[in-house]
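Student: Hey, can you walk me through the empty spaces in this one? I've only just opened it.
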Amino acid sequence: MPITTKREWLQGPYAKAIERAPERAKAFETTGKMPVDAVYTADDLNGWNPNEQLGFPGEYPFTRGIQPTMYRGRFWTMRQYAGFGTAEESNQRYRYLLSQGQTGLSVAFDLPTQIGYDSDDPMAAGEVGKVGVAIDSIEDMLTLFDQIPLDKVTTSMTINSTAAILLAFYVAVGKQQGISPDKLGGTVQNDILKEYIARGTYIYPPQPSMRLITDIFAYCKDVVPQWNTISISGYHMREAGCTAAQEIAFTLADGISYVDAAISAGLDIDDFAGRLSFFFACHNNFLEEVAKFRAARRLWAKIMRDRFGAKSARSQMLRFHTQTGGATLTAQQPENNIVRTAVQALAAVLGGTQSLHTNSMDEALALPTEKAVQIALRTQQILAYENGVGDVADPLGGSYFVEDMTNRLEAEAEEYIRTIDNMGGSLVAIERGFQQREIQEAAYRFQMQVEAKERVIVGVNDFINVEENAPDLLRVDPALGQRQAAKLAKLRANRDGAAVEALLHKLEQAARGTENLLPIMVECVEARATLGEISHRLRRVWGEQREPVFI
């Protein structure tokens, strides 16, 4: 009699095979500790309704992708994250990447820019241009995008606490290029909640920070309608150590908080939800990552339709950018990172990403060299043009394992969101340290598995080379801070100081009230007010957020 059920197979041929030769591990599980069976069949999808849970690409619940044609229409945006040193150096890198076939820009800012300090501030000493480009004024921004027409490219800016100021810079640069704000396309990350959870580049307390976010929502709705007003980010939480299910849950819970804040500020759900975007990591467990993206898309569609009553299909879509896992890169045998990145990129594409950054092989050691960046970009181009993976939408859809994993990840994420809801929402949960503790515990479990060699990291805890040659690395000039300070001194000497002071005072008074701050910020930056000066005026009104004490 032929075997017709999974149970029969497990109790028969499978059990006999294990008796003859034990499996290589006592238990198999994903990085999120979900058990993995030896095989998956229709038995694992008992009660699964493909019409409701799977559907078709471009149709609710968007499990299979947000567009009917997916990559048959056009490939994902190849958006390499870059920025270092001065605006001049970063501009050269951007123009090089565009010449090599990159289809969108992604800007990395240095730490002082991220937390609202000019390069000549004592707090910026030793950090200018180190982890991204230093942007102090509109002059730097004009240089950064020199000979790059902003109506022909879209730009993603990884910036949060100072996102409103950088958006004001970008709008002002567009005007200088003769481009109306309604022709500008791109994204500001603008996700402050994950900064409190996992990254730490916050400035102000939560309430004024949330006000800045909703001011951006309202301003862009009227003035920059093609702009994605937020990129709700799970990436940094995943890099800090959370599981795939936690990445979905904590990201979407933050999204719920932003939607609630926008509605409380008087915005209609379908007026702003279509410009929300998301940002996820892609780590090493290939099939789990594919399922993660599918589960996140389906869960967000349900939340937007059923919880918030969004009627527009665009409001229900989870549109996301993916970056391959920086935390998975190793300083040892860095060439291995090319393979890791290629596999992660393939998972992101099979999961239906809208744009993708592929990490460079040397990023565990330093900022990437030009050669390493080219290899990373070529990785995406090989996937797009040589492998046929974009010729069919959701090619792994219908796989028993992928569908079961999608269902399990969605269910676990839903349970986390219920827990956060019961606490009073993301902000209350953050104040209690809930997400932080969950991430820390997951990271600790993973590290213990690595140290016990239950998880092999090639080149780190196995397959080790005794001697390795150090690769050529990119070095940032330590004198960069002095050059930026000289540029700032010249800017302040040549601008209309009284006009700048009047506008900064106007901004400060508006911050004490309820007026939208973006139009005033644009006026300030056009008058040559600096990022640090604007940030300090807001600090004067709102104060600074201190490291929380969890209760």
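Student: Which residues line the largest cavity?
Tutor: Keep in mind that this is a predicted model. The lining of the largest cavity is made of Asn-160, Ser-161, Ala-163, Ala-164, Asn-190, Ile-192, Ile-203, Tyr-204, Ser-209, Leu-212, Ile-213 and Ile-216.

Student: Which helices supply at least two residues each there?
Tutor: That would be α6 (163–176) and α8 (206–222). The largest share comes from α8, with four residues.

Student: How do those lining residues divide into nonpolar, polar and charged?
Tutor: Eight are nonpolar and four are polar, with no charged ones in the lining of the largest cavity.

Student: And what volume does it have, the largest cavity?
Tutor: About 80 Å³.

Student: OK, how many cavities of 30 Å³ or more are there?
Tutor: Four. The second largest holds about 70 Å³ of space.

Student: What lies nearest the centre of that second largest cavity?
Tutor: Val-349, Leu-350, Gly-352, Ala-393 and Asp-394, out of 14 lining residues. This lining does include charged residues: it divides into eight nonpolar, three polar and three charged.

Student: Switching to pockets, what's the volume of the second largest one?
Tutor: Its volume is about 830 Å³. The second largest pocket has 32 lining residues, and His-283, Asn-284, Thr-328, Phe-446 and Ile-457 lie nearest its centre.

Student: Which helix gives the most to that pocket's lining?
Tutor: α18, with seven residues. Helices α9 (235–240) and α14 (336–350) each supply at least two as well.

Student: What about the nonpolar, polar and charged split in that pocket?
Tutor: The second largest pocket's lining has 14 nonpolar, eleven polar and seven charged residues.

Definitions and conventions: Residues numbered from 1 in each chain as written. Predicted model: local features only at pLDDT ≥ 70, side-chain atom pairs only at ≥ 80, totals over all residues. Heavy atoms only, no water. 1 Å grid on protein atoms, 1.4 Å probe; cavity = no way out; pocket = protein on both sides within 12 Å on 5 of 7 lines; lining within 4 Å. Points joined across faces, edges and corners; volume = space filled by probe spheres on them. Nonpolar A, V, L, I, M, F, W, Y, C, P; charged D, E, K, R; others polar.
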